[in-house]
Amino acid sequence: MSDLPEKRNAKLALVVDDSAMQCKVLSVLLKEEGYRVFSANDGARGVAMYIKYKPDLVLMDINMPIMNGYEAARKIKSLSTGNSLCPLIFITSMDTDQAFIESIDAGGDGILVRPFSPAVFKAKIKSIQRISDLYQQVKTLQQEQQKDAELAEQLMSEVIESRNYALDKIGIVKKAAELFSGDIQLTALCPNGNVNILLGDFTGHGLRSSIGAIPLAETFRVMTKKGFSLFEIISQVNQQLYDLLPADLFLCATFVTISSHDESAYIFNAGLPDVYVFSEQGEIKNQIASCHPPMGVIPNLLPDTQLTVIPINDKDRVILISDGIVEARNEQGEMYEFARFEQAAKHGVINGSVSETVLTSVNDFCQGMPQEDDISLIDIPCDGWEQTFAVNNAAENIAEVHLNDLYDDSNSAWRWRLALTGARLSSVNPIPMAMNQINEIEGNAEHWQSLYTILTELFVNALDHGVLALNSELKTCHEGFAEYFKEREARLKTLDTGFVEIQLSYHPFSNGGRVKICIQDSGKGFDLKKHYKQRANKINDAPMLSGRGIELVEQLCESLEYKDNGTLVEASYVWTT
Amino acid sequence: MTVKKFVGEDPKSVSIAIEDRFDFSLHQQFRDAYSSSNNSGTRFVLELAKATYMDSSALGMILLLKDHAEKLSGEVVINNPSEAVNKILEIAQFHKLMTINV
């Protein structure tokens with residue numbers, strides 16, 4: 001070793017030449033350019049010093065004892081990983097095409113043939129250093145981008161999607177492209193046992209495509225949990241993403257609610273491929289195409305926006321896909337397309353493994369071609385989403401000394417009352433507000449789920465059959481449900497009179513409590529005697545599609561009574577701890 | 001991949017034609033094609049007859065153009081999208097946001 005370093009931060013050069021004279025000459029020139037210089041007199045020592053000092057530049061003679069320049073260069077280039085290019089220039093007197101070609105083959109980044117003037121040498125060093133700096137810059141940027149992509153992917157899978165509901169029942173395929181591309185899958189349980197599902201595809205790649213994911217997941221979960229309807233959730237998500245994201249960033253998404261109770265699927269597709277409903281036999285029963293620009297493009301949903309209501313059977317499956325599947329390419333550049341997907345999904349439905357069958361089919365088709373976009377699929381079974389309630393016998397568990405408290409309406413701890421009139425009835429959902437009050441005052445508790453169901457059923461009855469005067473007979477067949485829903489939307493839109501008033505009063509006692517619910521509406525009421533008679537008869541009949549809500553409420557309540565010609569309902573919910 | 005820009009005799013009519021793949025790689029070129037047109041009431045006509053493919057970032061780029069046009073109280077019109085491109089516009093329901101002449 002010679003010429004010990006003088007400047008700490010200067011770049012490091014390694015000169016490998018068997019002539020001490022040549023080493024000296026090159027060192028002087030390099031020092032004039034601000035380098036610290038080490039030198040070695042044969043290839044093997046050159047490699048050893050490369051390992052030890054990790055220089056920024058290597059100058060290499062070709063003909064040397066022990067190990068020649070080509071071999072040393074190959075070794076050095078195979079060792080240089082990481083961010084630096086470590087440019088290597090051969091310095092030689094062999095002015096032949098062969099020498100030039102072999103130099104580059106061995107991994108050299110350039111060749112300088114003697115004799116050359118100091119000025120030419122310095123110019124060569126400058127140019128190679130410029131390339132090396134650029135290389136390092138690119139490498140650093142690439143690593144940062146890689147880190148961002150990993151962060152985005154981790155965020156999606158660990159922070160957001162690990163909190164999904166019913167992962168044992170809902171099949172989710174998620175295969176991120178090499179550069180993560182912003183697909184998101186969310187599932188959440190509604191208070192009434194329905195399940196909400198979202199498949200989304202943010203524009204862009206990497207971290208850029210995931211900035212909307214956290215607020216999206218939060219809104220979707222919280223609103224579902226609080227009992228907002230799917231339409232309200234969609235409207236809020238759209239507005240939120242519009243406010244949050246720049247104009248060219250948006251979310252293509254499908255939203256689905258599966259309701260075993262209504263035997264219906266509520267579907268909304270904004271910018272994704274068709275949603276499929278398959279029968280048990282693998283036939284396509286419905287295809288729901290995109291009907292709205294993606295979320296976050298316009299400040300409010302288009303005025304005619306509606307959910308599609310599909311009647312479902314227990315064994316049906318709803319399948320959501322993102323465009324990554326149908327646009328997957330093989331070596332010939334062909335796309336996987338819908339026909340292949342439908343075929344694979346059909347087989348998957350029949351043999352009970354939609355996710356695996358479709359994924360295998362896509363992989364077979366692509367023959368190992370690199371994946372350009374995220375591949376996502378959600379496979380949802382339509383059965384098993386009913387809420388299971390035990391008949392509520394809480395009142396029997398109350399100690400006799402408290403029985404007086406139970407029926408004493410005078411000593412309520414608090415009362416809450418809301419009357420909605422006219423158009424507000426169609427724009428405001430009072431149930432999440434009521435539940436919010438209860439949670440704020442009394443804290444979160446398991447038994448509020450039953451209360452939510454009671455409130456929802458009674459309010460919907462008052463609105464639908466009272467104010468809107470909808471006939472529940474429509475709901476006696478599957479197709480009728482969709483028709484009912486349509487008629488309901490139409491009547492809500494033009495609603496400008498009528499009211500529904502909700503009153504809650506809370507009566508605590510030492511080992512439980514009671515909530516008294518009164519809901520009054522402006523409807524015409526109904527024939528109370530006939531109603532009670534029918535209900536008495538129905539107990540022995542096969543379960544019917546309509547009226548199931550009231551049966552459920554009856555099971556949950558300690559008492560339920562219709563008054564004032566059916567325009568006032570009083571219910572009492574009791575729990576013990 | 002090319003972006004061609006024509007400004008007619010009326011400076012309030014700017015035509016931008018895209019050929020081959022309309023994707024993120026055209027980002028800068030596409031922006032350059034409209035950002036200097038700042039006459040109020042400008043009509044931007046996007047010719048997509050020769051575009052064979054469009055991805056979601058291209059949809060985003062069109063939305064940026066729409067923002068630009070709306071700031072000038074102008075409009076964006078899409079002309080003659082090829083079948084493949086029209087399908088993507090349809091899934092994104094862009095005909096509800098701007099005029100598309102098929």
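Biologist: In which sense do E1(A) and E2(A) pair, and over how many bridges?

Modeller: The model is a predicted one. In it, E1(A) and E2(A) run in the parallel sense and are joined over 5 bridges. One bridge can be located by its residues: Val15(A) has Ser39(A) in E2(A) as its partner.

Biologist: How should the side chains of a strand be read, and which way do those of E2(A) point?

Modeller: In general, side chains along a regular strand alternate between the two faces of the sheet. In E2(A), Arg36(A), Phe38(A) and Ala40(A) point one way, while Val37(A) and Ser39(A) point the other way. Strand E2 of chain A spans residues 36-40, and 5 of its 5 residues are buried.

Biologist: What is the strand order of the open sheet of 5 strands in chain A?

Modeller: The order is E6-E15-E14-E11-E12 in chain A, with antiparallel pairing. Strand E6 (171-175) and E12 of chain A are the edge strands, each pairing on one side only. From one strand to the next, the twist averages 15°. Within this sheet, strand E11 (residues 275-278) of chain A is paired with E14(A) in the antiparallel sense over 3 bridges. Tyr276(A) has Ile319(A) of E14(A) opposite.

Biologist: Let us turn to helices. Why do the buried residues of H3(A) line one face of the helix?

Modeller: The general idea is that an α-helix has 3.6 residues a turn, so residues three or four places apart point the same way. In helix H3 (residues 69-79) of chain A, the buried residues are Gly69(A), Tyr70(A), Ala72(A), Ala73(A), Ile76(A) and Lys77(A). Seen down the axis of H3(A), these buried residues fall within an arc of 160°, so they line one face of the helix.

Biologist: Against which elements do the buried residues of H3(A) pack?

Modeller: They pack against helix H2 (43-53), strand E3 (57-60), strand E4 (88-92) and helix H4 (97-105) of chain A. The start of H3(A) also merits a look: there, a side-chain oxygen of Asn68(A) comes to within 3.1 Å of the backbone nitrogen of Tyr70(A).

Biologist: How many salt bridges does a search of the whole structure find?

Modeller: The general principle is that side chains of opposite charge can pair when their charged atoms come close. Over all chains, the search finds 19 salt bridges. One of them joins the side chains of Arg114(A) and Asp17(A), at 3.2 Å from N to O. This pair links distant parts of the chain, 97 residues apart: Arg114(A) is in the loop between strand E5 (110-113) and helix H5 (118-160) of chain A, and Asp17(A) is in the loop between strand E1 (12-16) and helix H1 (20-32) of chain A.

Biologist: Why does Arg114(A) count as buried?

Modeller: Buried means under 20% relative accessible area. Arg114(A) has a relative accessible area of 19% and therefore counts as buried. Its partner Asp17(A) is buried too, at 3% relative accessibility.

Biologist: Lys285(A) forms a salt bridge with which residue?

Modeller: The partner of Lys285(A) is Asp316(A), with the closest N and O atoms 2.5 Å apart. The two residues are 31 residues apart: Lys285(A) is in strand E12 (residues 284-288) of chain A, and Asp316(A) is in the loop between strand E13 (308-311) and strand E14 (317-321) of chain A. Lys285(A) is partly exposed at 34% relative accessible area, whereas Asp316(A) is buried at 3%.

Biologist: Which parts of chain A does the pair of Arg488(A) and Asp464(A) tie together?

Modeller: Arg488(A) and Asp464(A) form a salt bridge whose closest N and O atoms are 2.7 Å apart. Arg488(A) lies in helix H15 (residues 478-493) and Asp464(A) in helix H14 (residues 448-467) of chain A, so the pair ties together parts 24 residues apart in sequence. Both Arg488(A) and Asp464(A) are buried.

Biologist: In chain B, is Thr42(B) buried or exposed?

Modeller: Thr42(B) is buried, at 0% relative accessibility. Its place is in the loop between helix H1 (27-35) and strand E3 (43-47) of chain B. The side chain of Thr42(B) reaches the backbone oxygen of Asn39(B) at 2.5 Å. Leaving aside neighbours within four places in sequence, Thr42(B) has contacts including Pro11(B), Val14(B) and Leu72(B).

Key: Residues are numbered from 1 along each chain as its sequence is written. Chains are lettered from A and ligands numbered from 1 in the order in which they are written. This is a predicted model: local features need pLDDT of at least 70, side-chain atom pairs count only at pLDDT 80 or more; totals for chains, interfaces and linings use all residues. Side-chain values use heavy atoms; hydrogens and water are left out. A salt bridge is a side-chain nitrogen of Lys or Arg within 4 Å of a carboxyl oxygen of Asp or Glu. Helices (H or I, at least four residues) and strands (E, at least two) are DSSP runs, numbered from the N terminus. Buried means under 20% relative accessible area, exposed over 50%, partly exposed in between (1.4 Å probe, protein chains only). Two strands pair if DSSP finds at least two bridges between them. Axes are lines fitted to C-alpha atoms, for helices over the stretch in contact, and angles run from 0 to 180 degrees between N-to-C directions. The arc is that of the directions from the helix axis to the C-beta atoms. Contact means heavy atoms within 4.5 Å. A polar contact is a pair of N or O atoms within 3.5 Å; within protein, one must be able to donate a hydrogen and the other to accept it, and residues adjacent in sequence count only if both atoms are side-chain atoms.
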